[in-house]
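Biologist: I should like to learn how to read a protein model step by step. May we begin with the cysteines and then go on to other features?

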Amino acid sequence: MSTIDNQTKGRDVAGNHQSPSEDLLISLSRMQECEDTRQFCRVTLQELCRVFPDISRAAFLQIPGRNNDIEVSAVEGSQSISAEEILADFSTVISESLETSDIVAHQNRLAIPFVRGPDIPAVIVIQCAEGFVWSSAQRKLFKQFSENGARGLETTALLQEARLLAYHDVLTSLGNRLSFKKEIQAEIALLQHGETERFAVVQFVLDDLPELNIALGHSSGDELLRSAAEQLDRLFPDAIALARTSGDGFGVCTPITTNEQIALLPDLVNDLFDVYLPEELNLPHLVPRIGISLYPMDGGTSDQLWRNTNIALANTKKPGSPNFCYYDNHIETEILGRVTLNNALREGMTSGQLSLSYQPQINLETGVLTGVEALLRWEREKGKFVPANTFIPIAEASGLLGPISEWVLREACEQRQRWSEQGVPEFPVAVNISLAEFQSDEFVPLVKQVLFETGIPAALLDIELTESVIMRDRGQTKRNMIRLKGIGVRLSIDDFGTGYSSLSYLTHLPASVLKIDKCFVDGVVVNSKDAAIANTIISLGKNLGMEVLAEGVENIEQVEFLKQAGCHQAQGYVFSRPVSADQIVELAEKIF
């Protein structure tokens with residue numbers, strides 16, 4: 001550009017009109033503002049026709065390879081003409097220009113090559129009226145214009161490629177998440193305020209795709225993704241935007257006019273991966289997780305809508321939930337509540353808000369306290385406790401359950417040792433352990449370390465495992481139970497009867513206590529089926545040589561039933577609510 005600029009210095013310009021060289025500087029500036037090469041070609045011709053009104057027609061020819069294959073990218077002028085006619089009419093000047101890498105004039109036709117090093121990426125051909133002759137000064141201007149234009153074309157091509165990479169998924173030829181949100185925002189901008197147009201934003205992910213890649217190879221996974229992209233284009237022909245939004249996820253934005261269309265969205269996506277693609281590609285059936293938000297009710301910007309599909313998507317991970325979810329602000333409130341509670345729990349762990357209460361376990365024959373169950377309590381505010389069934393799942397999901405379980409185990413053992421030092425009879429203290437903690441290879445060594453550091457006999461520690469925990473990963477569960485039994489720790493099976501245990505498997509476990517779940521105890525007096533189940537569990541436990549303990553006993557009638565059935569122990573409000581460690585000292589001397 002500087003070469004043209006230098007030529008304009010010292011030139012007298014009559015009135016307010018600019019010289020051709022100054023006009024070409026403006027043209028080059030406008031060309032540099034183009035976002036892609038097609039626009040660059042079109043603007044270039046428009047600017048040349050503006051600066052040189054004598055041009056009757058012009059064409060921008062791109063040469064993408066070294067084989068001189070020519071593409072007509074833009075045509076300008078008053079006459080309508082095809083690409084074939086352009087190449088035929090200008091064949092002489094085009095050929096000579098490519099051979100010489102220089103501007104070539106033939107009568108009223110002119111070819112201007114864009115030269116970059118050894119290559120010629122483009123040639124502009126222009127034509128004026130019969131008898132028109134380009135002056136040497138004009139040809140010199142064109143020479144300088146072509147040098148700058150070639151750099152501009154190269155820069156525009158590089159920017160276009162960068163934008164393509166930034167907004168394009170190479171594997172599926174769809175857009176990516178950036179382009180998806182950009183296209184949605186552009187659609188929102190087109191809608192007039194107050195109008196009722198609606199559209200749905202659907203995001204779905206294939207959680208099993210990594211396993212498919214491992215089992216069948218990445219080529220199979222890639223074929224699945226490409227085919228899915230093609231079918232999404234067929235399923236949603238009027239889509240506002242389609243994109244591969246992550247390695248295993250897609251996004252669809254589609255207009256909707258009826259509630260029936262909204263209700264059908266999950267079926268369309270599910271059928272794609274459950275019916276069509278498995279049959280076409282002979283691949284396993286996949287179950288996507290689908291989150292859906294609606295415009296304008298669920299958000300007024302693409303960012304809000306995308307965020308809300310993520311919130312809906314997260315809700316599909318809840319146990320028992322279907323694989324799709326429509327956004328609802330109640331879901332967001334619930335998630336926010338869990339996050340807030342999680343942060344508060346982390347703070348509570350370090351500020352002494354966690355404590356243990358102890359519920360007595362009573363021998364039904366003698367009425368003597370024979371054990372206690374340690375129950376975790378969280379006093380978030382003075383006098384206000386968070387229920388364990390609220391914060392335990394949060395602790396487990398956030399990775400806090402491990403440190404909390406270790407603290408409970410240690411605190412319970414230390415308290416048992418303090419009771420011994422106070423002369424309290426040596427009954428065991430029971431501690432509930434989650435699946436993840438019990439099946440860890442580090443759990444048994446942790447128990448040994450805590451027993452050693454606190455000084456209590458192993459027989460005074462009772463590890464309680466729910467039936468569902470025991471039935472998960474049976475091998476590891478049994479190994480850890482055997483190791484704990486080997487060092488003298490007492491083992492109990494909690495909530496018995498609520499799972500789907502194999503009785504033959506249970507007979508091989510080294511457990512000492514079978515606990516009847518409260519749901520059966522509640523109805524033993526008024527419901528013959530509950531009474532039959534309770535009797536069966538008691539008989540089973542006794543036949544296996546185990547003690548049987550009933551949970552949640554709340555009235556004398558239940559106590560009498562359990563005594564007659566031969567149940568050994570019980571705990572519940574009829575005897576005592578969970579109490580502090582100090583109160584256990586008094587209750588240990590009481591006959592219930």
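**Reading the model, feature by feature**

Modeller: At 3% relative accessibility, C34 counts as buried, because buried means under 20% relative accessible area. Please keep in mind that this is a predicted model.

Biologist: How many disulfides does the structure hold?

Modeller: In general terms, a disulfide is a covalent bond between the sulfur atoms of two cysteines. The structure holds zero disulfides. C34, for example, is in no disulfide, and the nearest cysteine sulfur, which belongs to C41, is 8.8 Å away.

Biologist: Why is the sulfur of C519 not in a bond with that of C567?

Modeller: The sulfur of C567 is the closest cysteine sulfur to that of C519, but the two are 14 Å apart, which is too far for a bond. As for its surroundings, C519 counts as partly exposed because its relative accessibility is 38%.

Biologist: How should I judge the confidence of the prediction along the chain?

Modeller: The value to consult is pLDDT, the predictor's confidence in each residue, from 0 to 100. The chain averages a pLDDT of 84, and 91% of the residues score at least 70. Over residues 1-16, however, the pLDDT is below 50. That stretch has 26 contacts in the model beyond near neighbours in sequence.

Biologist: Which helices and strands make up the chain, and is its overall form compact or spread out?

Modeller: The chain contains 23 helices and 19 strands. Its radius of gyration is 40 Å, well over the 25 Å that the globule rule gives for 592 residues, so the chain is more spread out than a compact globule. Along the principal axes, the C-alpha trace spans about 125 × 55 × 50 Å. Buried residues make up 47% of the 592 residues. One may also ask which contacts join distant parts of the sequence: among contacts between residues at least 6 apart, 63% join residues at least 24 apart.

Biologist: What should I look for when two aromatic rings meet?

Modeller: One considers the distance between the ring centres and the angle between the planes; an angle over 60 degrees counts as edge-to-face. A search of the whole structure finds 14 aromatic pairs. One of them joins W134 and F142, which are edge-to-face at 5.1 Å centre to centre, with 75° between the planes. Both W134 and F142 are buried. Another edge-to-face pair is formed by F180 and W306, with 5.9 Å between the centres and 70° between the planes.

Biologist: Where in the chain do F180 and W306 lie?

Modeller: F180 is in helix α7 (residues 177-190) and W306 is in helix α11 (residues 302-315). The two residues are 126 residues apart, and their pair links distant parts of the chain. F180 counts as buried because its relative accessibility is 0%, and W306 counts as buried at 9%.

Biologist: Which residues form an aromatic cluster?

Modeller: F52, F132, W134 and F142 form one aromatic cluster. W134 and F142 are the edge-to-face pair already described.

Biologist: Which charged residues lie over the face of a ring?

Modeller: Here one checks how far the charge is from the ring centre. R234 lies over the face of Y276, at 5.5 Å from the ring centre. R416 lies over the face of F427, at 4.7 Å from the ring centre.

Biologist: What can the backbone angles tell me?

Modeller: They can direct attention to particular residues. The peptide bond from Y295 to P296 is cis, with omega near 5°, and P296 is found in the loop between β9 (289-295) and α11. Two serines have a positive phi. Phi of S101 is near 55°; S101 is in the loop between α5 (91-100) and β3 (104-106), and it is partly exposed, with a relative accessible area of 31%. Phi of S173 is near 65°; S173 lies in the loop between α6 (136-167) and α7, and it is exposed, with a relative accessible area of 54%.

Biologist: Which residues does H568 touch?

Modeller: Not counting residues up to four places away in sequence, H568 touches I362, N363, L364, K542, M546, E547 and V548. H568 lies in the loop between α22 (556-565) and β19 (569-570), and it counts as partly exposed at 29% relative accessibility. The C-alpha atoms of H568 and N259 are separated by 59 Å, the two residues being 309 residues apart along the chain.

Technical notes: Residues are numbered from 1 along each chain as its sequence is written. This is a predicted model: local features need pLDDT of at least 70, side-chain atom pairs count only at pLDDT 80 or more; totals for chains, interfaces and linings use all residues. Side-chain values use heavy atoms; hydrogens and water are left out. Rings of Phe, Tyr and Trp (its six-membered ring) pair if their centres lie within 6.5 Å; planes under 30 degrees apart count as stacked, over 60 as edge-to-face and the rest as tilted. Buried means under 20% relative accessible area, exposed over 50%, partly exposed in between (1.4 Å probe, protein chains only). Helices (H or I, at least four residues) and strands (E, at least two) are DSSP runs, numbered from the N terminus. A charge sits over a ring if NZ of Lys or CZ of Arg is within 6 Å of the ring centre and within 35 degrees of the ring normal. Contact means heavy atoms within 4.5 Å. A disulfide is a pair of cysteine sulfur atoms within 2.5 Å. The radius of gyration is taken over C-alpha atoms; the globule rule is 2.2 Å times the number of residues to the power 0.38.
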